[in-house]
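Reader: Hey, got a minute to go through the side-chain contacts in this model with me? I'd like to start with the charged residues.

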Amino acid sequence: MDTLKIQKEQTRMIAHRGVSGLETENTYSAFLAAANRSYYAIELDIHLTKDGEFVVIHDETTKRLSNHNLVIHQSTLSQLQEIELFEFEKHTPNPYHKIMTLREALVLFRKYGKKCLIEIKPSLFSSELENLLQLVKSVGMLHGVYFISFQLENLIALRKINKEIKLQYLINMYEPKALEACKKYKMGININYNELSLDIVKIFHNNQIEVNVHTVDNPIV
């Protein structure tokens, strides 16, 4: 898959896991490729390590992207960063492809003036979410980040901690209860584009709720 060039007009394009169509997802190479393009924002995924560090990786284990099968929440940061991730679309380890910390990624995005969508993969305790907010704030990116998650409890807890941060509720299919949650907790919606229709867009817009979609890889849609 190559990157797409479209007449984006008012559409805000987001690089999913960096430029994951050209580089190994969620790596420095993928993020740098996105930072050097005209994307509005860069999306990444986070998990929490055994020693309380937020790392950037989509899966719960390293199996899909490396020759090792470490469980993220059972491993320390130092153990994870010893792993060489695969080269893009190959099963060949690349010594330059390492698991990044969230801090490292955010520092890069701030340097290039990019917004960031942080997808929180696991369910986290309120204390862990507070630590996440403190980390983002310490990098100076609190107003440049959207926190997104399929785990509604994460978003509710974040809203209770901070009334101003940007939240998006990830869903695959529209349900009225998603609308009610967005209204109650002042969140945007981030829905699978295959399930989106003009009627659904109008429902959310009529309630002053921002509508976002994931993951569009075809310019026709």
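Author: Sure. Keep in mind that this is a predicted model. Let's begin with Arg-17, which is buried, with a relative accessible area of 15%.

Reader: OK, and which residue does Arg-17 form a salt bridge with?

Author: With Glu-25; the closest N and O atoms of the two are 3.0 Å apart.

Reader: Is Glu-25 buried or exposed?

Author: Glu-25 counts as buried, because its relative accessibility is 10% and the cut-off for buried is under 20%.

Reader: What about Arg-64, which residue does that one bridge to?

Author: Arg-64 forms a salt bridge with Glu-25, and here the closest N and O atoms are 2.8 Å apart. That pair links distant parts of the chain, with the two positions 39 residues apart. Arg-64 is in the loop between β3 and α2, while Glu-25 is in the loop between β1 and α1.

Reader: And how accessible is Arg-64?

Author: Arg-64 counts as partly exposed, at 37% relative accessibility.

Reader: Which residues are linked in a network of salt bridges?

Author: Arg-17, Glu-25, Asp-45, Asp-59 and Arg-64.

Reader: How many salt bridges does the count come to?

Author: Seven. One of them joins Glu-119 to Lys-121, with the closest N and O atoms 3.0 Å apart. Glu-119 counts as buried, at 6% relative accessibility.

Reader: Switching to rings. How many aromatic pairs are there?

Author: Two. One is Phe-31 with Phe-109, where the ring centres are 5.2 Å apart.

Reader: Why is that pair edge-to-face?

Author: The planes of Phe-31 and Phe-109 are at 85°, and over 60 degrees counts as edge-to-face.

Reader: Where do Phe-31 and Phe-109 sit in the chain?

Author: Phe-31 is in helix α1, residues 28-35, and Phe-109 is in helix α3, residues 102-112. They are 78 residues apart, so this pair links distant parts of the chain.

Reader: Are those two buried or exposed?

Author: Phe-31 is buried, with a relative accessible area of 0%, and Phe-109 also counts as buried at 0%.

Reader: What's the pair with Tyr-174?

Author: Tyr-174 pairs with Phe-204, edge-to-face, at 5.7 Å centre to centre and 85° between the planes. Tyr-174 is in the loop between β7 and α6, Phe-204 is in helix α7, and they are 30 residues apart.

Reader: How does accessibility look for Tyr-174 and Phe-204?

Author: Tyr-174 counts as partly exposed at 24% relative accessibility, whereas Phe-204 counts as buried at 1%.

Reader: Which ring does the charged end of Arg-12 sit over?

Author: The ring of Tyr-40, at 4.4 Å from its centre. There is also Lys-166, which lies over the face of Tyr-146 at 5.7 Å from the ring centre.

Reader: Last topic, cysteines. How many disulfides does the count come to?

Author: Zero. Cys-116 is in no disulfide, and its nearest cysteine sulfur belongs to Cys-182.

Reader: Why no bond for Cys-182?

Author: Its sulfur is 20 Å from the closest cysteine sulfur, in Cys-116, and that is too far for a bond. The cut-off for a disulfide is within 2.5 Å.

Reader: And are those cysteines buried or exposed?

Author: Cys-116 is buried, with a relative accessible area of 0%, and Cys-182 counts as buried too, at 2% relative accessibility.

Notes: Residues are numbered from 1 along each chain as its sequence is written. This is a predicted model: local features need pLDDT of at least 70, side-chain atom pairs count only at pLDDT 80 or more; totals for chains, interfaces and linings use all residues. Side-chain values use heavy atoms; hydrogens and water are left out. Rings of Phe, Tyr and Trp (its six-membered ring) pair if their centres lie within 6.5 Å; planes under 30 degrees apart count as stacked, over 60 as edge-to-face and the rest as tilted. Helices (H or I, at least four residues) and strands (E, at least two) are DSSP runs, numbered from the N terminus. Buried means under 20% relative accessible area, exposed over 50%, partly exposed in between (1.4 Å probe, protein chains only). A charge sits over a ring if NZ of Lys or CZ of Arg is within 6 Å of the ring centre and within 35 degrees of the ring normal. A salt bridge is a side-chain nitrogen of Lys or Arg within 4 Å of a carboxyl oxygen of Asp or Glu.
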